[in-house]
Amino acid sequence: MDSDCICNFKKCRKRLSTFAWVTSCSHIFCDEDGTREFNKSYTCPACETSLSGKFDIIRIDLQPTEQYKSMVLAGQKPEIIMEVCSRAMSFWTYQSHQEKTYQEYVATKAKERIVQLEQYYEQLITRTATELNSYKSQLTATRKELESLKKKYSESSEKLMEKSRQYQKLQSMYDSLRRKSISFDGEGRTNIPTTRHLNSFDMPINTGEELLRRGNGGEVEREVANRVTTLSPAEREFVLRPKTTPIMNSTSDPNLNMYSRFKIGLGTPGGHPRHQRP
């Protein structure tokens, strides 16, 4: 009920309904806290007032019996009864005022705490909104970067596919040429010589007189030998080493004398024939 008193001990603050301890300084405590504190010393736990008098601390029953009610003030003068009742009402009024003051204090602290929390959460909301906007901008930039990377990936994939097609085409051409080369090797080793091999067979065309002059000194043999050493083993088999051109003597060859006997002179029609050898 709202008319019940509250234990004035700071750590208790419970409603009183059975027994309680009342002090002359207008404070009331529950039976457990009053018994514990007053066994230590006769000092008020609320205001630390010394309670050394005989009736400064009393234990009361908050639910008195009917007999107690009829006998506690029996025989007292009306003035005394009214004074006792007035003091009892003053005690209750003080407790009510004290509770009201305490509740107002708690409400004020709660309002201050609410204001602090509102300021804190407003700052938190502002900071969160700023971070959210930053994250949104980062997300937008990341999406743009992702689209750019997707585009680059698509272009790279297309280039890779094109390169793969070119590679496959070149590979097929290479395989075809390789098969042809293998077939040529199997039939007669008729490989097409490379430029290097063709260059190995290049020889300058000279007149017979120069060849004879160079042949007398052995230069032709040396040049051919040098060219043969640069060829592959397969090509060396088909190289014939030339010798110096022999000089035919008309007196030593009887066939030449026989051929010279059948030579005839050629001339223009109607003209005189050339002199024939006998």
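This section describes the pockets, one helix and the nonpolar core of a predicted model.

Two pockets were examined. The largest pocket encloses about 1300 Å³ of space, and its lining consists of 28 residues, among which Ile 58, Ile 60, Val 84, Ala 88 and Phe 91 lie nearest the centre. Two or more lining residues are contributed by each of strand E1 (19–23), strand E3 (57–61), helix H2 (66–71) and helix H3 (78–187), and of the elements involved H3 gives the most, with eight residues. By residue class, the lining of this largest pocket comprises 18 nonpolar, five polar and five charged residues.

The second largest pocket has a volume of about 450 Å³. It is lined by 19 residues, and those closest to its centre are Asn 8, Arg 13, Gln 98, Glu 99 and Tyr 102. The lining of the second largest pocket divides into six nonpolar, seven polar and six charged residues.

Helix H1, which spans residues 31–40, contains Glu 37. With a relative accessible area of 17%, Glu 37 counts as buried, because that value falls under the 20% cut-off for burial. Apart from neighbours within four places in sequence, the residues in contact with Glu 37 are Phe 9 and Pro 45. Glu 37 shares its buried state with other residues of H1, namely Asp 33, Gly 34 and Phe 38. When the helix is viewed down its axis, the buried residues of H1 fall within an arc of 110° and therefore line one face of the helix. This arrangement may be read against the geometry of the α-helix, in which there are 3.6 residues a turn, so that residues three or four places apart point the same way. On the other side of H1, Asn 39 and Lys 40 are exposed, whereas the cover over the buried residues of H1 includes E1, strand E2 (28–30) and E3.

Phe 38 of H1 also belongs to the largest nonpolar core, a set of 16 residues in which Cys 7, Leu 16, Ile 28, Phe 29, Phe 38 and Leu 51 touch the most other members. Strands E1 and E2 each supply at least two residues of this core. For Leu 16, when neighbours within four places in sequence are set aside, the contacts comprise Asp 4, Cys 5, Ile 6, Cys 7, Ile 28, Phe 29, Cys 30 and Leu 62. Among these partners, Cys 7, Ile 28 and Phe 29 are likewise listed with the core residues that touch the most other members.

Terms used. Residues numbered from 1 in each chain as written. Predicted model: local features only at pLDDT ≥ 70, side-chain atom pairs only at ≥ 80, totals over all residues. Heavy atoms only, no water. 1 Å grid on protein atoms, 1.4 Å probe; cavity = no way out; pocket = protein on both sides within 12 Å on 5 of 7 lines; lining within 4 Å. Points joined across faces, edges and corners; volume = space filled by probe spheres on them. Helix = DSSP H or I, 4+ residues; strand = E, 2+ residues; numbered from the N terminus. Nonpolar A, V, L, I, M, F, W, Y, C, P; charged D, E, K, R; others polar. Buried < 20%, exposed > 50% of the residue type's maximum accessible area, 1.4 Å probe, protein only. Contact = heavy atoms within 4.5 Å. Arc of directions from axis to C-beta. Core = buried A, V, L, I, M, F, W, Y, C linked by side-chain atoms within 4.5 Å.
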